Structures are given as C-alpha cells and as structure tokens.
Amino acid sequence: MTDRIEVAATELRPLLEEFIMWARTNAPGSDPELVGPAALWHRLAFSQDLGTWKRADLRNLLLDRMPKVVEDPDAAADGMLPAVDAYLTFLSQTGRLAKGSDSLADLQAELDDVEDEFVDLMEELLDDADGDEDAEDEVGDLGDFEPFADELADLDTIRLRPDSELAEAARQAPLVAKARDLALWVGSGRRVGEDTLLTDAEVAEALEAVGLPKPETDGPIAEAVPQLWNIWNLAVDLEFLQPGDGNTVAVQDDTSEWPFDDDEDVLDAWMLGLHSVDYGDPELDDEDLTMALAGLTRGLLVRLLLAGGSRDRDELARELSEAAADLDELGADAWEAADDPLASAIDWLTGYGMVEADDDTVRLTPLGTEGVVHLVDDSDIEVDARPAIESMSAHELLALSAELPEEEADAEFAAWMRLREPGKAAEELLDAAAEDESDALIRVQAASVVGTLGEAAVPAWQAALKQPSLRPYAATHLSQLEVEGAPEPTQDDTHWLILDMWTISAGLGRSEFVSSLRDIGPEMVNDLLEVIWRIPHAHVEELLDLISQVHPDKQVAKAARRALFKARSA
C-alpha cells in the first residue's frame, strides 16, 4: 500500500470507530463496515477534509470510484447507500459535517438520485464475477501477478521515496505532458465521430500538438497512429479530458496548470494514469497475436521489482518470451512477429517515468517502484513497502508502527531515532501525537517512545503540557523525572489515560474490550463511571455507550447508561 493510502486510512480510523459505536444505537439497520472504503476513497480522491462532502463528489464517488474498488457488489447493492446515509447523518449530528459541505438533506437527495444507477452498476459487477467464475480455469496473461505472490511476500522491505521526490519525478514524465498538450488541443468542446474520433486533418493537427510524426500510409491516418490513441486514452485516465454534451469531449479546467504546484495533486493525477502501463503492450496487425502478448508491460515490471529493481535486458527478454510461449500457443509466433516486444513496453514506461534503460539494462526508477508496488497492492497481493526512514515523518512512523509486530516496530523507531537528536525526536513525536485529539493509539505510542528518552525529552514534555490530550502524559513523565516546578498529575489526568486505553481496547474488538473491563473488575468500573463522564475526551460518549451494551454485569451496564446521559447533557 502506498504511504498516502496508509496515512488516509490512519486518519479515518478513529472517526470510523466512533461511527460504528454511534451506528449501533442510531442506525442499527445499517452495515457500518461498508462505509470504510467509501470514506477512504472520498478522502483520497475528493477532499482532504474528512468532514467536507459535496453532492457532485458523492455522485462521482458512488458511480465512478466504488465500482472499481468494491469487494462485495452484492452486499454493496443492498447496504452501501443506507450505510453512507447513516455515516453522513452521523457527521451532521455530531457536528463533523464541515462548513462548506452541502446540507444533509441535499446529500440524502443525491443518494436517492443515484440509487437505481448504483444498484445497476453493482449488478453488472456481479454478472462479470459470474463470468469470471466460469472462466476461473483460464490461464492469466503475462501481467498476472498472482504466480509471483509468494516471491513478492518474501521480498525484503521496500523503501519508498518521499512524496516530494516522487512528485518532482512525475512532473518530468513526458507522457503526462503530451496528454496535457493533447487535451489542450482538444479544447472546450470538440465534436468526435462515431467511427473514428477525429478526421484525418484533425489527426494531423493532434500529432503536431503532441510532437509525434505523421506516418506514411496509404490508408486513413487514424488507423496508423496507435501511439496517439494511447496518449488520448491516457488523457482520459488522467482526467485531463472528459465527455461533454452530445458527441463532444472537452479539456478539464485545470489541465493547463500541469505540472501542478501541490505535490499531492501531482501524485494523485499520476496515480490516476498508472494503469496506462497496459498501453505499453505491443500492438500487432493480428489481434490474436496481440492478445498472446497481453500483460507484457506488467510482466516486465513485476520481474524488475523481484530482482531488486534492475535486470539485464536480454535476460528479461528471454524470460518473457519463454513465459509467452508457455501461456499461449501463439506466444512464440507473437514474439517473433513483434521483432522487439520489449521496445514498446520500455518506451511507454520510460515516458511515464517508471523505468530507465540502456542497451544492456532496464531499471526501475523510484517513481516506478512506487507505481509497481501500488499495482501489486491493487492485485490484493501482500508486499512489505514502507517510506524511507530518512524521509519518514513522525506521524508516518507512528501510523506505520501501529500496524507492525512489536519487534519490527521497535526496529523502525530505533532507525528513525538514530537520525535525530533525542530532544528533537521527542518534539516531533509529541507534535504528531497532538495532530488529532481523537487518535488515542498514536498518542499512546508517542508517549511510550518519548518516555524512554529521559531528561532529553523534558522541553518537549513541558511544551506538551499546553495540549489537553497530551497533558496527562506530560504531567506523569515530568513528575517521574522529578522536574522542578512540574505539575503533579491530577485525578482527571488519570481518568484521561484510562479513557485512552479503553479507546484502544475498543478498537481491537468487542471481546478485547470486554476482557479489559473484566480485568478492572465491576466495582472499579462502577467507581470510574461515577466520574469519568466529566472528562472532555473525544470518545467518552462512545465508550460509555459501548460499556452499556457489552458489559456482562447488568448493574455496570445500567451505570454506564446513566453516565452516558450525564455526558450528553453536560
């Protein structure tokens, strides 16, 4: 998974956990699990603000994005829209539907408007899945990653370069610039034909716009310029081109601004066009021969990744030619007919910034490594890819470590800390922990690591006293270090720490949460419920609600309901 997706998922986790708790009482008929993918793709594709929702974005999310990523179309057809409705209601009722969003009523109206079309799309996916089951014994193409799943899982940790570096490389990708130039040539509303998109005269103009030579041909030029149509399709993938009214296409408003100033915008656009790697596959006059080499470009990419990023060109050609012959009875003939099948794949990948090549060697670029890791992840195959230690922010480190086994997390922290003075490391970690008051796991991790730094962390702890969510940890550690003038931890500080631990326990699942409550004992839980509702903790209401539902002792559950009422009335 890319670091951007991991960060977005980490940002969403506390909000989704809170929604799940809310839904148990307020929307028991909805399936909160269906909201996760929708909320994640909303964050990645439409709004960095988790609370900003627009009707147009909601429509595009449900009708464009979700059909590409939904795992269970049957469940989505039945429950996705009610679940999203419940989630939007939760955002509105808890004050999280940000200013600038469309109203809840308008968003719900949009859900009603798209319902029939969304269900139709899910049914189409189900039909396609049934077809896939009928063909499950068919052999995949050269770009099938599944045969390499075990080798990919066994790879050493792949370190991904920082976004700033990747974005700068993406800005230099010639194919993206050509797609921009083609879209700008198309203009604000160019009519296209039904048989051929453009007339021969228009094709000649388009070739000049993107810097491609006009071919010598006796037939229609449109049939002799596959590279132009690949760039056209890339422009569509990048959302530089979009359908207009009638038989027209139009350039998107911000296309002329490429390369964009914002790194995230650059990488988001580049990722939209990532699946264009398939356009690098050889195109032969015979369709059957063309299909025999389908997936060649992906096959090249996965072999480069498995080899550590670099392969001898001739060896790579021999291996892929043998694979083509093994997969398809026409594979050997297709390879011979293409003359140099790797040429088109390497040309396209070079143009998209993913490989570098000379006569002897083909190498993945850092941007290419990022891209192929993303493609592998899209295939639901595990690969251990992480940000480079030297470029990892404190928040990225904390988010990553939360997903790792303890020994691996300790190793990541140790490597990261070696690059910083202890005092600076403490400051960065606590600043990251203060970014989101609702993220108890990040906070506890940060406090635990900073707590090992001793006196070097004192200035960072003193600064953290000003942050309500970190004050309990700061007061506790400063007291343990016997820092002169430091405040003593209060009872409220202790209660905050307990609420943080309960929040983490609840996130691990109901059985873990119940077990943690049993460890305390019903009498102590009752005592805590008398006072803990007063703490202005982001999750106090959800936790009290959860205790009222899951605690096996009816008296404790009753006390939790009373405490919840007090918290909501305060």
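This report covers the overall build, the charges and the salt bridges of a predicted model.

The chain has 570 residues, of which 49% count as buried. Its secondary structure comprises 28 helices and 8 strands, and the C-alpha trace spans about 90 × 55 × 45 Å along its principal axes. Among contacts with a separation of 6 or more, 69% join residues 24 or more positions apart. The exposed area is about 27,400 Å², with carbon and sulfur atoms supplying 45% of it.

The chain carries 41 positive and 129 negative charges, and the mean positions of the two sets are 10 Å apart. A patch of negative charge on the surface gathers nine acidic residues, including Asp-112, Glu-115, Asp-116, Asp-127 and Asp-128. Asp-112 belongs to helix 5 (residues 104–134) and counts as exposed because its relative accessibility is 56%.

The whole structure holds 26 salt bridges. Three of them are listed here.

| Acidic residue | Basic residue | Closest N to O distance |
|---|---|---|
| Glu-165 | Arg-161 | 3.2 Å |
| Asp-384 | Arg-386 | 2.9 Å |
| Asp-500 | Arg-443 | 2.6 Å |

Asp-500 and Arg-443 meet in a salt bridge. Asp-500 lies in helix 24 (residues 491–507) and Arg-443 in helix 21 (residues 440–450), so this pair ties together parts 57 residues apart in sequence. Asp-500 is buried, at 0% relative accessible area, and Arg-443 is buried as well, at 0%.

In the Glu-165 pair, Glu-165 is partly exposed at 33% and Arg-161 is partly exposed at 24%. Asp-384 is partly exposed at 25%, whereas its partner Arg-386 is buried at 4%. Asp-384 and Arg-386 also belong to a network of salt bridges with Arg-159, Glu-408 and Glu-412.

Conventions
Residues numbered from 1 in each chain as written. Predicted model: local features only at pLDDT ≥ 70, side-chain atom pairs only at ≥ 80, totals over all residues. Heavy atoms only, no water. Patch = residues over 30% accessible without salt bridge, like charges linked within 9 Å, V, L, I, M, F, W, Y side chains within 5 Å. Areas by Shrake-Rupley, 256 points an atom, 1.4 Å probe, with all protein chains shown as cover. Salt bridge = Lys/Arg side-chain N within 4 Å of Asp/Glu carboxyl O. Lys, Arg positive; Asp, Glu negative; His and termini not counted. Charge placed at Lys NZ, Arg CZ, Asp CG, Glu CD. Helix = DSSP H or I, 4+ residues; strand = E, 2+ residues; numbered from the N terminus. Buried < 20%, exposed > 50% of the residue type's maximum accessible area, 1.4 Å probe, protein only. Contact = heavy atoms within 4.5 Å.
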